[in-house]
Amino acid sequence: MPELPSPDPVQHRSLAGWYMIAALLLLTVFAWALFDEVIGLRPWKSYQARFKVEYAKYLRKQITQQRAQQQKIENSPEYLALAQKAAALKKQAQPEIEKINSQIAVLNAQFDAILHIHTTRQQYVASNIYIVEYTKSAKRKKELLTKLARYEKQISTIRMPEAGGKTRLVHYNYRQLMDAFNQNSDQKSALYEKEGNLMAPASDAEKKAKAYLADHLTGPNVTALQGLLAGNRRMSIRIRQFYNGKAGIVDRCESCHIGILQPIKLTKADMGGNLLFISHPDMELLKIHDPVIFGCSPCHAGNGMYAESVKAAHGFREDWTWPLFSKSDLDAGCQECHAKDMVVDHAPVLNEGKFLFEWRGCEGCHAHAGYDQSPGEIRTTQREITSLEKQRNQDALDVQRSNHLGDIAATNAEAQADYLHAQSLQVSMSKISMRIDHDTQDVHWLMMDEKMVGPDLKEIRAELNKRWIPVWLHNPHAFDPTTRMPNFPFRPGDVKAISAFLWRDAIHMQAPQQPPGDPVKGKQLFRTRGCMACHAVGYGKNAAGGWFGPNLTRVGEKMNYDYLVRWIHNPRQRLEPYCPALGRDLTPADYQKAGLPFVFGLHHDTFEGHALQVEQETVMPNLRLTLKSAQDIASYLITLKEKDPSSYSPAPYMSDPKLAAKGKKLLQFYGCSGCHEIAGFENAQKIGTELTAEGSKPLELFAFSRFLEDAERGRDGWAFTRASWFEHKLKDPEIFDQGMIRTAGEQLHMPNFHLKPEEINALTTFLLGSQTPRFPKNMMYDPSGPAKDIQQGWWIIKKYNCEGCHQFTLGQSTALMTLPWFQTPNGKGDLPPRLLTEGARVNPNWLANFLANPALSDTDVHRDGVRTYLPVRMPTFYLSPIEIRKLVRFFEAMSHQPMPYIPRPVKPLTPDQLAMARALFVSPAAPCLKCHAIGVPAHDKFATAPNFLLARKRLKPDWVRHWIMNPALIDPGTAMPSGLFKEQDGLEVFSGPVPPALAHYKGDEVNLIVRYLFELTPEEQQRLIQMSGKMLMPAPATTSQLERPQSPDARSAAYVGTLVASH
Amino acid sequence: MRKLKWLAVIPVMIGLAACSSSPKASSESSSAAPAAAPQQQLKPVDPATVGEITGVVKFDGAVPHPRMIRMGQDPVCQKANHDKPVYFQDGEVNSNHTLPYVFVYVKKGAGQYDWTPPSEPVVLDQKGCMYEPHVMGVMVGQQFKVINSDPTTHNIHPMPADNRAWNESQPPGAPPITKTWARPEVMVPVKCNEHPWMRCYIGVTKSPLYAVTGDDGTFTIQGVPPGTYTLGFWTATFGTQEQQVTVPPKGTAKVTVTFKAS
C-alpha cells in the first residue's frame, strides 16, 4: 500500500464549513432584520395597508350612495326649478355675453399685436429719460431731448386685427401708441365688468341651486368623497406621530389607529368590522383638544412612542406607569388636567366619581387637592391677614421716617419728595387696612360655608334615642340600606366604648318642648314643600324622593320629636356655638362670665373678638316653615318607623366612664371626626392616605398582600393593575387583611360603604385619573374669566344639591321630576323653575339678593319671593356672600353674559304708548293676566306665573323680549305659550285681535310690552286690575271659601273651586 | 457532528425572531356590522277580506261623583256655557255603567300592513272652554288641526313623552294650527295653561285601527284585516287593559272589557 502523504496542515485544512455557517447566520440575521423591518417591529405597516383597502372600499360605497342621493335631490321639483331658473337666466344672458366675448377676443388679439412694439418703445424712452436726468451738461441734455422728441415722432406701422378676421394697417407715433395700448386695457376692463353684471343673476341662481343641494344632502358630497378617495390612494405607508416637544409628547398611535382623524365618521361596521380603523368617536372633544398639541396619551395614557406592538404601545407592561385606560375608566384621562373641576363636560363617569368622593365623605379621611376648599381658604386668609398686618406696621415706620427726612431736608424740593412718599405710604396703608377688614369678614363667611357629611354628634343627647345609637353603630346598613354611613370593621366591644364616649361628651341640653302637630297635614307638606328633592321615604321599588339626604323611612325610631321640630324649623340652629380660637363650644356659663346674654347667630357671630361657628355644618337649608308647619312635618316623620323606639334594648354601659375613655381612642383610630363634629375632635387630622396622586403611585407600592399571585396571573377577577386594586379595596376595604395576623390598632380600618358597582367604577376612574401632572402648566385646565366662574359654580351646585329641584341643562333630571305627582300635566307646572338661561334672564344684583333671601322680604318670610304660587319653596341656604358671588357669576357665565352687568336703559313710554300698552295688556285676547299673579289674593290662587311687578328689578329687558316672542326656544316645555306675537314687516305684532287703541300703531308691539313691564308700578298695576275688572275676578261667592290646596295632586281639585262644597 | 449542532441553532433563532414580534391583529372583526335590517316589505290591506272589532267597555264598582268645573277664572268661559254647569270628563261613567272616552286601539299585530294616513285632518276644537273631542286618535303623519271657536285666547300645550313638544297661543279668530305627529304614542295629554281645567288626550297610532267609546260604552273598529291582535284599552282614570282578539275574514270580533273603580 502506497503511503499516503500526510496532509499538509496549511494546504489541506478547510474552513468552508465555518464559512458556510457564518454565511447562513448572516443570511438569517439579514432575513430577521428584514422581517422585523417589514412585519415584526412594524405592525402598523400591515394595518395601514389593510386600512387603505377597507377605506377605499367604504369610500366607493359612500360615493355610490351619495351620488344616488344627490341625483334624487337633483331630480326633486324644488331643485329642478332652481336649476332651470339658473339655466334660463344663463341662456337669456348668453347672446349678449357671446357678443362681449368676441369683442374681448378682438381686443386681446390687438393687445398681442401691439404688445411687443409698445414694450420696446416704452423701454427706449424710459432709458433715455434716465440718461437725461443724470446728464450734467445742459447742452448735452438739450441734444438728447431733441433726439428723444424726434424718436417720439417716428411712426410705427402695426397690422391690427379687426372683428371678422380682417386686419388693418395702422400708423402710430409714440404718443398714439401709448394711448392705443391704454385704451385697449380700459375697454377690456369695461367689457369684463359688463359681462360680470350680465352673468350675476344666473350665477346667483346657480349658487342658490348649489346651496339647496348642500342643505338637503345628508353627509359629505361626492366631490369631497372623491377627494378623500384620491388622498387615500396617494397615502404612503409610514409612521405617523404627534410631536409636542414642550410637553414631551411623542404619540405614534395614529400609525395603527389610522382612521382616527379622518374627516368623516367611520364606525366599526363601515370599516369591515375592524375597530382599529374607526374615526375618533367624539370629534367634539378633539375640537377642544387639538391632537397636534395634546396628542393622544395625555387623555388615554399608554406609551405613545412605542409602535412596535399592541402591548408595548398601550403601556401594558409593569415598568410603565401609565397604562392605557380601559373603556370603563376612560374618563380618568380628563382628571389630570381637569383636577380643579367638579363637573367636566363629556366625562359623566369621572363627574360621578368626583361627586361621590365628596358626597360619600371620602374626603373626610383622605386629603385630595381641590377638595376641602373652605378650611384651606380659612387658613390662607388668616395667613394673609397676618402678613398684611406686618406690612402695615412696616409702612407706619416708613411714614415716620420719611416725614422726618422731609423735616430736615436741605431743599424744599427734597422735602416735598419725602412728604409725598410718606403720604403715598399712608394711602397704601389705608388700602391694607380695608383689605384686612375684608379678609376678616371673609373668615366669617368661609365659616358659613364649612359643611360636614355627617351630623353633629355633640347634640345627640338632645337629638337621638339613646338605645338606638349602639344598634346603629354596629351595622348602619342593616338599619338603612341606603345610608351614606359606612359599616366599620369594629372589633367586639368597640361599639359600646364609642357609644359611651359620644354620650358622655355630648352637650347636656335639650331642645325646647313642642306641642304635637297634625301628621296628616305634615305628610302633605313633606310631599309638596320640596323635602323630597333630597329625602326619600321607602326603600327599593317603594322609594319615593331624592337620594341626596338621608332616607327617612325609619326616622321615627331614632329621633326625639322636640329636636326634630327644631331641626325642620331651622336645621342650622346649634345648641352651643363653637369657638375655633378656644377649640371648644361656648356654654351659657361662658357668656354669663363675660356678662353677656346667651345669644348667638349669624348676627352675633363673635365672642370677645373671636369668630364663632354659629351654624350647624349641614347643607340642609331652612325652608322658612312656620313653627306649626315644622310641628306638623315632625309629627308625620316621627310616625315613620318599623318598630317602636322603646323596643330597643337599654344600653346602661353608655354611662360607664372607663368605656368612654377607651371609646375616645377608638374614635380617633376609626376617624369618625372626618364626617362628624365631635367634641374634642374639631381640629383632628385626616387619618387616611392622601389621594391627590394615587393614580401615579408605582404599582409595587400597592399592597396586594396575599392576592399578589392571583393578580399577577390574572386569576379570579384580579389583575395586576391599579384599577383592580382600587376596585377590590372599594368593594371590601378589609380584603388585604385577609389571612393576616393583626393586633388591635394595626388592622385596616377603612369602613365598607356598600358601594354599587357603578359607584365603584366611578371612584376607581377618579382615583386612576388622580395623577401627578406630567404636562406643562399651560396644558392644565385652569381658566380665567367666565370659564373659571363656571368651574367654581359647579362645586356649589353639587354641594347643595341644587339639581334636586332645578334643571341646569336640558336632559338633566331632578329628584322632584321623578315623583309621580310631578309627572301629571298639572304637576309638571308645579315643578321649580328650570334655570337653563338664568344668567340671561335675571339681573345679577337681584339674583344675589334673592339667593341671600329667597322670600325677598324680612317680614313675610313663609313663602317664595317670586313664585308665591308654588307649593315647593326655594329654601334659604344661608350662603355666604362668597358663595353667592360665585353662584351669580356661574349663572352669568353659563348664559354668556358679560360681567359686570350694566342694565340697558329702557326708553320710557310716551303717554300715547302707555295707553296702548295698557290696552294690549287688558285686552281679552291677551292672556297675560290669566296666568300671572297680580297681588289680588282671589286671582293669585290660580296664578301659575310670577307677578309683573317683579320684572323691573328682576329681569333683563333683552331676555324679556326674546321670552315674549318665543318662550319655547328659551325653556322648552314651559307653560308660557308661543305664538302670542308674530313677525310682520320686521316688527313683532300681536297675533290676536288688536284692541282699537292700537289700530294705527306702526311700531313693534313686543317692544311696547317690554317697556311697559319695566315701568310698571304698584299704582299702575292697580289701574290695570280696575280696567280689567270682572275679567280677572272669580265670582265673589267662591273667593272667600277657596283655599288653594297645597298638594299638586289635589291641584286639579282647585279648579273645581267651591263647587265641591255646593254638592 | 459539531457542524450540525451549529446549524440547529439557526431555525431556533428564526423561530424566536418570529415569535417575539409576530404582529397581532387587534381587530375585532368577529362582531359583524349591524347590517341594516332588511326592510320589511309592508303588505297592502286587502279590502275584500277585512272584518271589524266591536265591543263594549263596562264599569264595575261605585260610580265616582261627577266633578263640576268652575270657570270663574275666565268670565268669557262662564258666559260661553250660559252659566250652565260643566263637568270633568275624566272619570265619567255612563248611566248604563259603561265607560265613555276609552281609547281602544290595536296595540300589536297590525305592523305588517302598509297604512297610509288619510288626507283629511283630525280636528280638535276649543268650544265653551272645553276640548272637543275629549279623546281622539290620530295617525302618525296625519294632519292634526286645532281651531278655536271661543271668543277668548287659548293655548294648546300637548305634553308628549315621545313626540316633539309644543305650546302655542291661539287667540280668538286666529287661523287653525296644523301639526303632525311623527311617532306613535298613547296617549299625549293636552292642556291649556290659561284654563287649567281643559284637558284632552290624543292617541297617536301607526294604523287607523282605533276607536273611542261613546256614551253607551260601545266602540267599533272597522277595516281590520283578518288576524289576531292585541287590543289596548286606555282610560284617563281607571288604568289600562289589554285583550287578545281574533278577527275572521269579513267577520266581526266581539270584545267586552270591564274596568274596576280605582
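In which strand of chain B is the place of B:Met187? B:Met187 sits in β12 of chain B, the strand that covers residues 185-191. That residue is a nice place to start a walk through this predicted model, since its backbone deserves a second look.

**Unusual backbone spots**

B:Val186 and B:Met187 are joined by a cis peptide bond, with omega at about -5°. Chain B offers another cis bond, running from B:Glu132 to B:Pro133 with omega near 0°. B:Pro133 is found in a loop, between β6 (130-132) and β7 (135-139) of chain B. Most peptide bonds are trans, and most residues other than glycine have a negative phi.

Chain A has entries of the second kind. A:His896 has a positive phi, although the residue is not a glycine, and A:Asp985 likewise shows a positive phi without being a glycine. The table sets the two side by side.

| Residue | Phi | Loop in chain A | C-beta surroundings |
|---|---|---|---|
| A:His896 | near 60° | between α33 (881-894) and α34 (911-922) | 10 other C-beta atoms within 10 Å |
| A:Asp985 | near 50° | between β11 (981-984) and β12 (987-990) | 6 other C-beta atoms within 10 Å |

Are these residues buried or exposed? A:His896 is exposed, because 10 other C-beta atoms lie within 10 Å. A:Asp985 is exposed too, because its count within 10 Å is 6.

**Chain A as a whole**

Chain A holds 44 helices and 12 strands. Its C-alpha atoms fill a box of roughly 145 × 130 × 95 Å along the principal axes. The radius of gyration of chain A is 42 Å, whereas a compact globule of 1063 residues would have one near 31 Å. Of its 1063 residues, 33% count as buried. Looking at contacts in chain A between residues at least 6 apart in sequence, 71% join residues at least 24 apart.

How far can you trust the chain? Its mean pLDDT is 89, and 96% of the residues of chain A reach 70 or more. Do take care over residues 1033-1063 of chain A, where the pLDDT is below 50. Beyond near neighbours in sequence, that stretch has 53 contacts in the model.

**Two nonpolar cores**

The largest nonpolar core has 61 residues, and those touching the most other members are A:Ile498, A:Leu502, A:Leu564, A:Ile568, A:Ile633, A:Ala634 and A:Leu816. Elements of chain A that give two or more residues to this core include α17 (468-474), α20 (519-528), β5 (536-537) and α25 (657-670). The most comes from α19(A), which gives seven residues. Why does this core lie between two domains? It does so because domain 4 (457-574 + 615-674) and domain 5 (796-1035) of chain A both give residues to the core.

A:Ile498 makes a good close-up. Leaving aside neighbours within four places in sequence, A:Ile498 is in contact with A:Leu473, A:Gly663, A:Leu666 and A:Leu667. Another core lies apart from the largest one; it has 54 residues, among them B:Val102, B:Val146, B:Phe233 and B:Val247.

**A hairpin in chain B**

Back in chain B, how do strands β16 and β17 run? They run antiparallel, with eight bridges joining β16 (residues 227-234) to β17 (residues 240-247). The two strands form a hairpin with five residues between them. In the turn, B:Gly239 has a positive phi of about 90°. Across the pair, B:Thr230 stands opposite B:Gln244 of β17(B).

Technical notes:
Residues are numbered from 1 along each chain as its sequence is written. Chains are lettered from A and ligands numbered from 1 in the order in which they are written. This is a predicted model: local features need pLDDT of at least 70, side-chain atom pairs count only at pLDDT 80 or more; totals for chains, interfaces and linings use all residues. pLDDT is the predictor's confidence in each residue, from 0 to 100. Two residues are in contact if their C-beta atoms, placed from the backbone, lie within 7 Å. A nonpolar core is a set of buried Ala, Val, Leu, Ile, Met, Phe, Trp, Tyr and Cys residues joined through C-beta atoms within 7 Å. A residue is buried if 20 or more other C-beta atoms lie within 10 Å of its own, exposed if 12 or fewer, and partly exposed in between; C-beta atoms are placed from the backbone. Helices (H or I, at least four residues) and strands (E, at least two) are DSSP runs, numbered from the N terminus. Domain bounds come from an automatic or database domain assignment. Two strands pair if DSSP finds at least two bridges between them. The radius of gyration is taken over C-alpha atoms; the globule rule is 2.2 Å times the number of residues to the power 0.38.
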